[in-house]
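These are my notebook entries on a structure that I went through by fold, helix and interface. I set down what I looked up in the order in which I looked.

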Amino acid sequence: MTQSSRTAIRPGDTSRTDSDGPLLEVKDLQTHFKTSRGMVRAVDGVTFTLERGKALGVVGESGSGKTVLARTIMGLLPRQNVHTAGSVRFGDLDLLGRSAREMRPLWGTEMAMVFQDPMSSLNPLMRIGKQITEPLRFHMGMGKSDALATAERLLRDVRIPEPARRLRQYPHELSGGMRQRVMIAIALACGPNMLFADEPTTALDVTVQAQILDLIDEQRRDRNMAVILVTHDLGVVANYTDEIAVMYAGRLVEKAPTKTLFADMKMPYTKALLRSIPKLDLPSHTRLATIPGRPPDLVNPPQGCRFAPRCAYARDRCTQEEPPLITADDPQHTFACWFPVGSPEHRARDEELAAAGNVALTPKDAS
Amino acid sequence: MAGTGDAHLRGSDADILLRVDDLVVEFPVGRTGLKVHAVSGISFDIARGETLGLVGESGCGKSTTRRAVMQLPEPTSGAVTFEGRELTSLSRSEMREARTHMQMIFQDPISSLNPRRKVRDIVLEPLHIWKKGTKAERETLVDKVLEDVGIDPERAKTSQAHEFSGGQCQRISIARALVLDPALIICDEPVSALDVSVQAQVINLLEDLKERYGLTLVFIAHDLAVVKNISDRVAVMYLGKLCEVGPSDELYRQPLHPYTNLLLASIPVPDPEAEALPHEVVGEPPSPVLPPSGCRFHPRCPNAQDRCSAEEPKLREMGEGHFVACHFPVEGIVSWDETVLARQVTADGRAHDARDEPITVGGNATTPVPDSGG
């Protein structure tokens with residue numbers, strides 16, 4: 001959608017988040033859940049900032065805390081048995097500790113979310129039109145016909161053919177890709193400054209996945225909207241983000257501009273994630289590199305580096321002392337590892353592994 | 001796309017474990033008299049010890065094919081020959097017995113395990129039902145199979161499915177499929193619900209088990225990179241038809257069908273420096289109720305010409321063991337961008353067809369029929 005049509009949606013907008021400086025500032029964020037087994041440290045000290053109009057990819061395995069991170073920022077977690085600490089600044093606003101009632105004016109208008117499963121996030125008993133116009137009428141105070149006209153334009157923006165007819169349909173009448181487009185249209189309806197997309201394409205086919213990612217990217221540019229793309233697939237974030245944050249066991253373990261990260265990844269975990277993706281340019285039956293074991297129990301995270309028990313490059317120091325986030329050659333590139341990729345210790349271990357024939361080298365690695 | 005034909009079937013000299021001839025599966029749409037053409041004349045064969053990858057988008061008939069092979073339900077027409085026996089002619093009890101030789105693994109590992117039972121009992125149950133061996137023999141076998149898939153039998157004895165991660169549940173499903181010593185395992189999207197790291201573990205495990213247990217695999221998935229990695233041969237499906245069949249490496253090196261090219265170009269490449277291949281395509285797959293005439297891919301195909309809507313292409317050999325059902329096969333990646341731009345400007349009737357979305361008719365919520373209003 002063009003800038004002019006966006007202002008049409010938001011007449012006389014005097015957003016409190018239009019100030020200079022980063023759009024989102026997260027400092028030492030902690031989200032702990034009280035369970036019968038003890039405190040689950042789902043997010044444990046995460047710090048990052050996000051500029052207006054930029055796309056950040058948050059990558060990690062299931063249970064790394066990426067979804068909880070997004071939900072904490074959005075204020076979507078229940079208050080009972082959830083302990084949060086640190087700070088989340090969104091423009092001039094402090095978000096952490098706000099009640100749902102206090103967050104409601106921000107949801108949709110300032111920040112919106114697209115979820116993984118479009119079928120279960122749409123109301124099956126409500127026509128598409130009603131579901132898109134609801135936020136328009138609630139937040140923007142639009143009349144019925146205005147809202148419907150805007151909804152139709154939104155559907156056209158997200159490339160849904162015959163938008164007028166779709167407005168009268170129910171979610172089950174649309175394909176999965178169409179439903180996800182409707183979800184995006186709803187999320188964009190009130191012109192948010194920040195969009196969370198939590199595994200937005202995991203439930204979709206590969207051709208549709210490419211279309212949806214293209215669409216989110218295009219809307220980000222058109223609207224100068226920040227996007228946080230949460231996914232487990234490094235392939236997805238490589239082409240659609242400016243920056244990538246890799247999470248492991250509730251911690252941010254590496255963060256860098258996308259190109260820097262792929263050119264010079266420091267964390268063995270990031271490298272291992274990338275290696276476990278089957279590559280099209282390798283012959284069939286190439287043995288895939290795997291990460292042994294699974295992420296640690298967040299009630300009792302291991303001492304030292306939390307990835308150490310699964311890391312092929314771990315040494316004694318890794319299991320004793322937790323590595324701090326340090327800065328690489330690129331000042332925007334930070335990582336938490338004692339023996340990063342490229343260090344003498346890492347290279348030595350690589351040679352040992354190669355000698356033992358344990359590592360499936362990709363052509364790029366071998367060169 | 002594509003096409004019918006059986007040029008790609010191998011002769012009797014190969015050791016064919018499963019052969020599917022002209023398989024057709026149709027479902028009625030309520031009382032409208034219309035039919036969903038889920039699978040329309042597919043033929044393929046799998047040699048013993050081979051892995052066949054079956055790829056295509058949702059709704060292309062991959063899972064329907066899998067179910068028709070298992071005779072769950074029986075196909076509308078066509079023949080399924082497994083270990084030399086024609087499955088469609090078997091009685092119910094014979095078919096039940098035959099199914100022990102062909103097992104399945106499903107997409108969602110957690111919901112395919114009974115949440116109320118101990119997982120070791122779940123793996124034990126097939127042996128119990130078929131009264132294989134003594135109790136002690138069954139238990140020894142189950143423990144061995146659990147060890148082979150990397151699950152601690154002691155833990156399996158006392159734990160339920162929810163106490164395991166998704167990857168572990170998939171291992172348990174594999175163990176359950178293995179205990180009856182099947183010849184064939186049909187894996188229906190077995191790794192698409194898993195994290196990439198776990199996905200790699202499960203793929204490696206399947207490769208190991210295939211070796212150890214002498215298995216033949218049918219691997220159904222929408223992720224082409226995964227399919228390439230595990231398969232010896234790959235068959236690409238679109239809207240109930242086969243587009244292209246070939247040896248894995250050859251098919252990916254030189255994809256001939258425009259649809260295969262589109263699928264390949266859509267894969268996100270984990271490299272920000274890589275130039276994205278043009279992967280725009282007109283619309284989504286049309287309704288299988290009134291599939292397009294001729295080649296079913298023609299409304300979305302950048303290479304389509306008049307012939308494509310009139311005449312259905314047959315599978316023909318273009319390289320060694322590499323078959324394609326296309327009148328105008330491509331060399332290299334097609335320029336999707338230009339074609340799509342042209343389409344959007346002209347918005348002619350044909351492009352419009354392609355955008356028809358499945359909608360539904362009275363009472364049958366899940367069955368799509370094409371839009372008449374247009």
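The entries below begin with chain A and end with its contact to chain B.

Entry 1, overall form. I noted at the outset that the model is predicted. I looked up the secondary structure of chain A and found 15 helices and twelve strands. I then took the extent of its C-alpha trace, which spans about 70 × 45 × 40 Å along the principal axes. I checked the radius of gyration of chain A: the value is 22 Å, which agrees with the figure near 21 Å for a compact globule of 367 residues.

Entry 2, burial and contacts. I recorded that 50% of the 367 residues in chain A are buried. I also looked at contacts in chain A between residues at least 6 apart in sequence, and 66% of these join residues at least 24 apart.

Entry 3, helix 8 of chain A. I located this helix at residues 176–188 and counted 13 residues. From first C-alpha to last it reaches 18 Å, close to the 18 Å expected at 1.5 Å a residue. I found 13 of the 13 residues buried, so helix 8 of chain A is largely enclosed by the rest of the structure.

Entry 4, the interface. I found 43 residues of chain B in contact with 45 residues of chain A. On the side of chain B that touches chain A, at least two residues each come from helix 7 (196–213), helix 8 (224–230), helix 9 (248–253), helix 10 (258–266) and strand 13 (359–361) of chain B. I noted that helix 7 of chain B supplies the largest share of that side, seven residues. By class, I recorded 19 nonpolar, 13 polar and eleven charged residues on the side of chain B that touches chain A.

Methods:
Residues are numbered from 1 along each chain as its sequence is written. Chains are lettered from A and ligands numbered from 1 in the order in which they are written. This is a predicted model: local features need pLDDT of at least 70, side-chain atom pairs count only at pLDDT 80 or more; totals for chains, interfaces and linings use all residues. Helices (H or I, at least four residues) and strands (E, at least two) are DSSP runs, numbered from the N terminus. The radius of gyration is taken over C-alpha atoms; the globule rule is 2.2 Å times the number of residues to the power 0.38. A residue is buried if 20 or more other C-beta atoms lie within 10 Å of its own, exposed if 12 or fewer, and partly exposed in between; C-beta atoms are placed from the backbone. Two residues are in contact if their C-beta atoms, placed from the backbone, lie within 7 Å. Ala, Val, Leu, Ile, Met, Phe, Trp, Tyr, Cys and Pro count as nonpolar, Asp, Glu, Lys and Arg as charged, and the others, Gly among them, as polar. The expected span of a helix is 1.5 Å times one less than its number of residues.
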